[in-house]
Amino acid sequence: MDATYTWELLANGVVLGSSYALLAAGLAVIFGVLNVVNFAHGALYMLGAFAAYFFIPLTGYWIGILLTAATMAILGIVLQEGLLRRLPPDGAFSRSMLLTLGLAMIIQNGAIVLWGAGPRQLPEDSRPQGHLLLGDVIIPTGRAFIVVVAVATLGALYLLLNRTQVGRAMRGVSQNPTAALVVGISPERIGRLAMALGVGLAGIAGATLTPVFTVSPQMGITIVFKVFAIVVIGGLGSVPGAVIVAYLVGMLESFAGGYGSAMTQSISVFLFMIAIMLVRPQGLFSTEVRV
Amino acid sequence: MRTRTLAAAAALALTVVGCASSTDSPDTNSGPITIGLSAPLSGPAAALGENERNGVQLAIDQINQDGGLLGSRKLTLAAQDNACNPTDGVGSVTKLITQQQVSAVIGALCSGVTLAAMPLAKRYQVPLVVATSTSPDITTAAGKGGNDFTFRINPSDATLAVALSSYLHKAGDVRKVAILAEDSTYGRTGAAALQKALNDKGITVTGVDFVAQGTSDFSTQISKYRNNGTQSVALYISGADHLSFLRQAASARLQLPVTGRVELEGQNLEILKDEQFAGSSSVYPYSSLIKTPANAKFAKAYESAHKTPPTYESFEGYSAVMVLADAISRAKSSDPKAIQKALVKTDFTSLTGGTVKFDAYHQAHDKAFILQIKNGKTVIVSDVVT
Amino acid sequence: MTATLGAAAPPALQVTGLGKSFMGVAALSDVEFTLSTGTVLGLIGPNGSGKSTALDCVTGFVRPDSGQILLDGESIFGKAPHLIARAGLVRTFQTVKLYDQLTLDEHMSLSLRGLYKAGRSGASRRRSAERKRATSWLVEFGLEQLRSAPAGILSYGQKKLLALAAVLVTQPRIALLDEPLAGVNPRIIDLIRDAILQANTEGQTFLIIEHNVEFITSCCSEVVVLDAGKKLAAGPPSVIWDDPAVYEAFLGRKGDGHAG
Amino acid sequence: MTAALHVHEPEETNDVMSRKSSSPLHKWLGGRHLGPLLPTAAAIALVPAVVTNDYFIDVANLALTFMVLGTAFNLLYGYVGMLSFAQVAFVGIGGYASSWLVTHTDLWQPVAFLAGGGVAALVAAVVGAVTVRLSEGAFAIITLSFTLLCAVVAAEWTGVTGGRQGIFGLPAPSLSLGPVDLVADTPRSYYYLLAGFTVLALWAMQRLVRSSAGTVMIAIRDNEPLAKAQGYATNNYKLAVFSFCAFVTGLTGALHVFRLTTIDPSIFDFYLMQVMLIIVILGGAGTFWPVAYSAVLFAVLPEMLRMADEARLIVYGALLVLGLLFLPQGVGGFLRARAMNRQLRDMRGGRS
C-alpha cells in the first residue's frame, strides 16, 4: 500500500465518477425540466450498451458511440411524445415515476427475452487496445476513453445549457415551469429536448462501458439506484450538483473499496446520502425552497 | 355500492374455485412417471437454472429412448420456475407435489430455496434430490438430521475447498491468496470454506471481498490485488460477473493466476489462455473433459443439442435424473415413498467415474477435479473423492 | 381567542423589517406594515413585487430571513405553517387550493376541525352552531346543492368561493386572502366582495392581496404598496392612488416579470 | 401508533352533514362502511370449503398476503400520497424480527409476530422522521435506498440474520388451549390463521380511512399546503400513517415468512414492490375495495398466465404503463367517477 496504490484508486475514482456523471446528469436534466424521476434510466443505459455492442463492431469506437447517442436521443423523443407527454396532468409526478418503472420492467425483461440473460462481450478486435501508463498507474485505453467521452459530453452539455437560448430556457423551466413561454420556446420542444438529452446521456454512459465491461440485460438494475442517490445528494434537478457529486461518489467508492471491502464500497454511497439528508435534506446543491 | 361489492366478492370466490377444479387425479401404477424440477428460470440465476433443466431433459429423453422405466413407462418433466427466492420456491414445489403429482423433485439450485423446499418434501413425503445447492445446512438437516426425504448428490464446498488448498499447498508457488466472491449463499459459503481450508494449510488470505451479483466494475479490487502482495485470486462468482472480472483483469494487466471455482471453459478460457494468467487452476465437481465413456456420450449428446459443452449444472441435473431412475427401477414403483426407500440404498456409478452413495446425512460423495490451464488448454490435474 | 380588546391592546398583526432572499436575490427587504383589529388591509404592488412572498413569510410557508412578525403582540416568526394557522392566521392561496376528491361538506368540517379550537373541545351546542354557519356560507355562495359533491367538479369561480367560505367559517383572528378576485366573473366578484364586507362588519379582520383597484378602493381601510420587495407607500386608498411613485410603479412596470 | 392520529382529532367524526344513526357497536365497527367487509369475509371463509388442492390453498394464502400488503400500500400512496418504496423493507424487517425472536427466545409466537410488526413500525418512525418532510421525489428515492440498504444489512449481519442463507426451518405457529392444539403447519391450517388476520387487518385499515383522520389523509394527498393552512400538522399525520402501515406490513411479513418456513435477503427483492404497485395502480389508488380485490387477481394471475417470470414482468410492465395512460385512476377510480356522475345527475335533476 503506497503512493502508487493511492494514485491508482484516484484514477479508478475518476473513471467511475465519469460514468456516474453521465448518468446522473441525464437523470438530473430529465428531473429538472420535466419533473420526472426516471426509473427507466438504468434500463436505457443498458439499451445504450447493447446499441454500442451492435454498432461498434460495424463502425468502430468513436462513430459507434456517436450512433448510440443519436439512437438513444431519438428513443428519448419517442418516449416523451409517445408516453410521458400523454400522462394525465393531475398527480403527474408520481405517475411519471411509475410509468418509467413500468417502462423499465418492459425494457429489462424484454432484453432478457430478446438477447438472453447471459453476458456478452465485444470481440477482441473491436475494443480499444493497449493501456496508458501514468507513472506507475496502468489505465486501460477503454477506461481512459470513458473519461475523455464524459468530459467532452459534459462540456458540451454545459455549453448547451448556458450559452444557447434553448438551454437557458431549459434551465429556466427547471426553476419555473412558465419560463419557457417567456422566451418564446414551446414547452413541448423543451420536453422533447430534455428527454433526448437525458436518454442520450444514459446511452453514452452505457456505450462507453461496452468495450470495458460485459453487456447484459441486468447491468442497469443496481447502478440506477446508485445514480438516484447521487442525484438526491446533488440536489434533485441540479445538473452541476449531480456531476460534482458523481465524481465525489466515484472517489468515495474507489477509496472505500480500496481500503475497506467491496461491501463498504457498495454501501458507502447510501450512507453518504443518509448523512447528507440528515444535514441538508434538500441536497448539497439544491436551489429548491421547501417548507 | 353494495351490489358491486357482492359481485366482486363472488368473482373472487369463483376465481379460486375455478383454480381448484383443474386438479389432476393421481395415478401411480401406470402412465408416465413425472419428475419435478424447481429451478430459477428467471432472474439473475436463470442461466444456471436453464443449464440444469437442459441436463435433466437430456437424461429424461435418453431414458425414454431406451424404453422408459418399469416396463416402458415414460418419464415426463414438470419444471417450475422458483426465481431463486423462497416465496416462488415454496409455490413451485407445492405445485409440483400437490398438483402435478410428481414422483420426486429435483431442486432447487439456490440454497435458500432448497432450505425452504425441504420441509415440504418431508411433509408430503416426496423425495427431494438436491443437485446444485451448496449450503452445508442442507446436509445437516437431511437424513440423520431429521429430514429423511432430502438427498444431496453434489459435494459440499468444504470438501472442494480442502481439495483445492491441498493442491495449492503442494504446487508451492502461491502463499498469498485473495478471495473474490459473489454476495450469495454460493459465494459466501464457498469463500468461508476456502478461507478456512487455506488457513489450515498455512496460506495467507489477503482479503475477502463480496460483490453484489451484477456488479460490473472490479477496478478497485484489481488495484488492490496489484498492490497488496496477492499472488493469486480465488473466484467464487458466476455468470456475467465471472467473465466481467476476467476481462477487466486482462485489460488492466493483472499478472496473477486465478483459482477457486473458475469455469475453465468457453469465453473464460479464451481470456485465461493468456500468459498473464499462467498457472490458473480450479476445483470443480465436473468437467466436460472427464475421460469416461459415459461422460463422453453425455457431453457429445449435450453438445449436439445445445451447441455448448455441458456445464456443471447440466451434469448435476443429468445425474439427479439418473440417480432417481436407478432408484425407481429398484423400487419397482413410482410411489414417492418407495423411491425414498430405494434412494437410501443407492450405489450408482456417476459419469465422473465416482460413486454416488448416500451417507447418514444423505450426502453423496462423488468425485471432484482439480483443473489447470496448460498450453492454452484445460487439463485435469487430479481427481479427489469428496 | 382574545375576547378583550381594549384600546391598549397591540395591533392584530405587526410586521417589521421583514426580509427574505432567494439565492442571494432579495425578494423582500425591510417590509413593514400594521394591521389593526377589525380592519381590512390591502397589500398591492406590481407582479413580482413580493406580495405573495410576504404573505408566505407571515403564514410560515416560507421561512423569512429577518424581521419581526407579531400576532397580538406575540412573535410567530419562523413558526410552522400549521401552528400559525392554529394561532389564527388563516389564508387562501393565489392559485386556488382545494381537495379535489373531498366533498364541500368535508372541506368545511376539515377547516373547522383544524382551525376552530372550540370545535375540538366538543361542546355539541357549539358544534351545531358551526354546522349552521357552514351551511349558511354554502347557501350564501349558492353551493348548498353541491355540498356532497367532490370539490374537483366545481367551476373555477365556485372553487374560489369554497376556499373563501372554508376560511370565513372558522372566524379566524385574521383572514389572509391572496387575490380572491383573480380570474372570476363579475357575478362572483360581487359575491366575494359582499361576503368580505359582511364578515368585516361582523368584526372579521382581513389582509388582502388584490389587483382589482375598484375593490381595493371600496373595501380597504388601509393600503400598503410593495415594489421590488420594498415598501413603497402606505395609507388610505384615496391617498395612495395620488402618489406619483405608486402610479409609476404600476404603469412603468406593466407586464414585467412573471407571476409572483 | 393510531393513537398519534387522534392527537388532533376528536374520537368521532363531526361532519357537517348529519348521518343516519345506528347502534353504537355498529357505528364503532365502521357503520355504513362495514358493508363490503362482510361479503369479502364470507368469500374468504368459503375458500377452504371449495378448494381441495393444497397448492391452490397456497395461492389463496398468497392472495391474502397480497391483499393486506396492497391495502397497506394503498393507504400510504392512495390515501396520503406517499410513494413509499420502503414497504418491501418492512415486510422483511417484520419477517426477520419475528424469525429471530422465535428462533432465539422463548417468546410466544403470536407475540413475536406482533413484535415483528412493532419493530417495523419503530424503524418506520425513525426513517419517517427524516423523510416525510422531504419532497415527493426525495421521499421515494430515499425509501428506495433504505430498502436496498436493508438487503445489504440482511446479507451482512450474519450473526442476527443468518447472512445470505437467512433463517430457515421456522416452526409452524401453534396455539395450545388446554386439550386443543392448534398448529398451522399445512397450507390449509395456515389459511385459517391468515384469513383471520386479513379480515382483521382489512377492517382496521378501512376503519382508519373512513375515520376523520382518514379524511385528513386524503386532504394531505390532495393538497398538503392547504391542509397545513388549515392547521393540520401534516408531517405528524404522514409519520403516523407511515408507521401504522409499517406495522401492518411488518406483521404480514412475519406471517408470510413463517408460512414459507424461511427468510433470506431475497425478501427485499424489488419484485414484491412491483406487485404492490401494480395492485394499487390498476385497482385504483385511493379506492379501498377495488385495490383489495385486485390483489387477489394479481396473486391468481400468474397461475393463469403460464409463462416465465420475464414474460410475466413484461406483461405487468405493460399493464402498468397502459393503466397509467388510459385508466389513470384505476378500476376503482373509474367506478367511483361513474358513480359520482350518476350522483351529480341526480343532484342536478333534483335542483331543476
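The following dialogue concerns a predicted model and the reasons behind the terms applied to it.

Visitor: What makes Arg261(B) and Asp157(B) a salt bridge?

Guide: Their side chains meet at 3.0 Å, N to O. The cut-off is 4 Å between a side-chain nitrogen of Lys or Arg and a carboxyl oxygen of Asp or Glu, so the pair qualifies. Arg261(B) and Asp157(B) are both buried. The pair links distant parts of the chain, 104 residues apart: Arg261(B) sits in the loop between β9 (258–260) and α10 (266–272) of chain B, and Asp157(B) in helix α6 (residues 157–171).

Visitor: Why do Asp72(C) and Arg173(C) form a salt bridge, and which parts of chain C does the pair tie together?

Guide: The closest N and O atoms of Asp72(C) and Arg173(C) are 2.8 Å apart, and the limit is 4 Å, so the term applies. Asp72(C) belongs to the loop between β4 (66–71) and β5 (74–75), whereas Arg173(C) belongs to the loop between α6 (156–168) and β7 (174–178), so the pair joins parts of chain C that are 101 residues apart in sequence.

Visitor: Why is Arg173(C) called buried or exposed?

Guide: The relative accessibility of Arg173(C) is 10%. Buried means under 20%, so Arg173(C) counts as buried. Its partner Asp72(C) has a relative accessible area of 24%, and the range between 20% and 50% is termed partly exposed, so Asp72(C) is placed there.

Visitor: What makes Glu81(A) and Arg85(A) a salt bridge, and how is Arg85(A) classed by accessibility?

Guide: The closest N and O atoms of Glu81(A) and Arg85(A) are 3.2 Å apart, and the 4 Å cut-off is therefore met. Arg85(A) has a relative accessible area of 41% and is therefore partly exposed. Side chains of opposite charge can pair when their charged atoms come close. Over all chains, the structure holds 26 salt bridges. A network of salt bridges links Asp183(B), Arg188(B), Glu156(D) and Arg164(D).

Visitor: How do you know whether the size of chain A agrees with a compact globule?

Guide: For 291 residues, a compact globule would have a radius of gyration near 19 Å; chain A has 19 Å, so the two agree. The C-alpha trace of chain A spans about 55 × 45 × 35 Å along its principal axes. Of its 291 residues, 62% count as buried. Among contacts in chain A with a separation of 6 or more, 77% are between residues 24 or more positions apart. The secondary structure of chain A comes to 11 helices and two strands, and from the N terminus on the elements run α-α-α-α-β-β-α-α-α-α-α-α-α.

Visitor: How do you know which pair of chains has the most contacts?

Guide: Five pairs of chains touch, and the most contacts are between chains C and D. The contact takes 38 residues from chain C and 31 residues from chain D. The two chains bury about 3,200 Å² between them, 60% of it on carbon and sulfur atoms. In chain C, Tyr99(C), Gln101(C) and Arg113(C) lose the most area to chain D, together 23% of what that side buries.

Visitor: What makes up the side of chain C that touches chain D?

Guide: At least two residues each come from α2 (81–87), β6 (89–91), α3 (104–115), α4 (117–121) and α5 (124–140) of chain C. The largest share, 10 residues, comes from α3(C). By class, this side has 17 nonpolar, 10 polar and 11 charged residues. The count between chain C and chain D is zero salt bridges, while nine residue pairs are in polar contact, both residues being at pLDDT 80 or more.

Visitor: How do you know that no contact joins chain B and chain C?

Guide: A contact needs heavy atoms within 4.5 Å, and none joins chain B and chain C, whose closest C-alpha atoms lie 16 Å apart.

Visitor: What makes the backbone of Leu70(B) and of His362(B) notable?

Guide: Leu70(B) has a positive phi of about 50° although it is not a glycine, and His362(B) has a positive phi of about 60°, likewise without being a glycine. Leu70(B) is in the loop between α2 (46–65) and β2 (75–81) of chain B; at 28% relative accessibility, Leu70(B) counts as partly exposed. His362(B) is in the loop between β12 (355–356) and β13 (367–374) of chain B. With a relative accessible area of 7%, against a cut-off of 20%, His362(B) is therefore buried.

Notes. Residues are numbered from 1 along each chain as its sequence is written. Chains are lettered from A and ligands numbered from 1 in the order in which they are written. This is a predicted model: local features need pLDDT of at least 70, side-chain atom pairs count only at pLDDT 80 or more; totals for chains, interfaces and linings use all residues. Side-chain values use heavy atoms; hydrogens and water are left out. Buried area is the accessible area (1.4 Å probe) that two parts lose on being put together, summed over both. A polar contact is a pair of N or O atoms within 3.5 Å; within protein, one must be able to donate a hydrogen and the other to accept it, and residues adjacent in sequence count only if both atoms are side-chain atoms. Helices (H or I, at least four residues) and strands (E, at least two) are DSSP runs, numbered from the N terminus. Ala, Val, Leu, Ile, Met, Phe, Trp, Tyr, Cys and Pro count as nonpolar, Asp, Glu, Lys and Arg as charged, and the others, Gly among them, as polar. The radius of gyration is taken over C-alpha atoms; the globule rule is 2.2 Å times the number of residues to the power 0.38. Buried means under 20% relative accessible area, exposed over 50%, partly exposed in between (1.4 Å probe, protein chains only).
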